[in-house]
Amino acid sequence: MRIIMLIDMDYFYVACEELRNSEIKSRPAIVGSDPKGGQGRGVVMTCNYMAREFGIHSGMPISMAYRIKPDALYLPLDYDYYESVSKKIMERIKGFAGRFEQVSIDEAFIDVSDKLHGYAEAEECAKRIRNEVLGTVGIKCSIGIGPNKLIAKMACEKAKPNGIKIVKENEVREFLSGSKVDELYGIGAKTAERLKKLGYATVDELSKASNMALADEFGVSFGAEIKAFANGIDGREVTENYDVKSIGREFTFEKDTESGEEIRSAIGRLSSEVMKDVAKNQVSFKTITIKLRYYDFTEHLHSRSVKVTNSVDTLIQTAEELYSENADRSKKIRKIGVRVSGLISYKGQKRIA
Ligand SMILES: [Mg+2]
């Protein structure tokens with residue numbers, strides 16, 4: 001039995017700002033673009049619960065937020081500072097992990113299957129994590145616990161703010177029932193739209209979908225994965241992502257982009273650079289990971305294992321598939337990374353073609 005947790009900080013950027021400016025606790029506060037007296041462009045990145053009570057939310061145009069609440073506290077993004085806070089938090093969380101995977105600046109999965117026995121222990125552990133992160137760094141978080149990543153992530157959504165939600169294996173079906181397909185972790189807005197057109201708007205409908213129809217629309221493997229998600233099944237592993245034994249390259253776009261062409265050409269360039277280091281180190285690899293950082297600084301990693309290889313074509317093709325299957329097309333991309341891991345040295349051995 002697997003037990004996976006998703007730990008997600010509550011309104012992270014604002015919480016970071018609170019650490020160094022206690023005034024924020026007592027009034028609506030918004031982190032995002034400069035409102036410029038209502039003329040500003042750009043969006044609200046995040047806001048505290050006091051601002052949310054006025055209907056302000058992340059993603060809202062900053063000019064609209066200003067119309068609603070001109071006397072709120074408007075703060076610019078200070079990403080370096082948030083990253084320094086994030087680092088401290090992640091170090092704490094790692095201490096509780098079996099396996100640890102950071103998925104964005106303020107979110108991490110941990111797999112505690114080998115460390116803990118059962119959900120009661122997991123709940124105790126989750127409480128300790130929350131206390132430790134709050135006690136040492138001063139940030140509140142929510143935790144979802146379940147038999148896989150999908151359920152842990154969705155449980156965490158329900159746990160917010162500042163809660164713990166456990167969904168055990170035998171509770172999965174009831175938990176998912178009544179959800180919309182776009183609430184499934186791993187199904188983006190575009191995929192949800194296509195599913196709706198096929199007649200699958202809810203998770204209940206999708207759980208009984210025709211395999212053939214899904215395969216026609218999404219390909220056999222992604223089609224099967226989508227249906228499995230709707231049934232609460234998710235084989236995605238918690239993968240350690242700060243593996244020193246990996247080779248990667250990243251690229252930040254001059255302007256945030258949603259152009260598939262630009263992104264594919266970046267994947268091609270990054271892959272070629274990665275392959276230079278792969279050749280230099282005389283290794284083959286078996287896992288390919290792409291990292292997508294969106295305009296709003298959320299960051300997602302997508303990985304796939306392949307047969308041990310050192311083929312540039314496999315790298316590019318797999319990276320492109322990971323992009324097209326996972327990217328959230330409703331958001332522009334700021335930065336992209338390509339990484340290979342699971343390295344195997346072929347020094348002195350026959351080269352693997
Ligand atoms: Mg968060």
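**Exercise 1. Find the residue just after helix α11 that takes a positive phi, and describe the helix.**

Step 1. G232, just after α11, takes a positive phi of about 80 degrees. Helices here are DSSP runs of H or I with at least four residues, and strands are runs of E with at least two, both numbered from the N terminus.

Step 2. Note the ground rules. This is a predicted model: local features need pLDDT of at least 70, side-chain atom pairs count only at pLDDT 80 or more, and totals for chains, interfaces and linings use all residues. Numbering starts from 1 along each chain as its sequence is written.

Step 3. Sort the residues of α11 (residues 220-230). Buried means that 20 or more other C-beta atoms lie within 10 Å of the residue's own; exposed means 12 or fewer; partly exposed is in between; C-beta atoms are placed from the backbone. I226, K227, F229 and A230 are buried. Their arc around the axis is only 155 degrees, which puts them on the same side of α11. That arc is taken from the directions from the helix axis to the C-beta atoms. V220 and S221, on the other side of α11, are exposed.

Step 4. Look at the cover. The buried residues of α11 are covered by elements including α6, α9 (203-207) and α10 (211-218).

**Exercise 2. Locate the largest nonpolar core and the contacts of I30.**

Step 1. Define the core: buried Ala, Val, Leu, Ile, Met, Phe, Trp, Tyr and Cys residues joined through C-beta atoms within 7 Å.

Step 2. The largest has 74 residues, and M5, I30, I110 and I143 have the most contacts inside it. Helix α6 (residues 149-159) gives the largest share, 7 residues.

Step 3. Another core lies apart from it, with 23 residues, among them A266, L292, V338 and V340.

Step 4. Take I30. A contact needs C-beta atoms, placed from the backbone, within 7 Å. Leaving aside neighbours within four places in sequence, I30 touches V44, C47, A51, I56, A65, A72, L73, Y74 and L75.

**Exercise 3. Describe the whole chain.**

Step 1. Count the elements: 13 helices and 13 strands.

Step 2. Check the compactness. The radius of gyration is 21 Å, close to the 20 Å from the globule rule for 353 residues, so the chain is as compact as a globular protein of that length. The radius is taken over C-alpha atoms, and the rule is 2.2 Å times the number of residues to the power 0.38.

Step 3. Add the burial. Buried residues make up 38% of the 353 residues.

How values were computed:
Contact = placed C-beta atoms within 7 Å.
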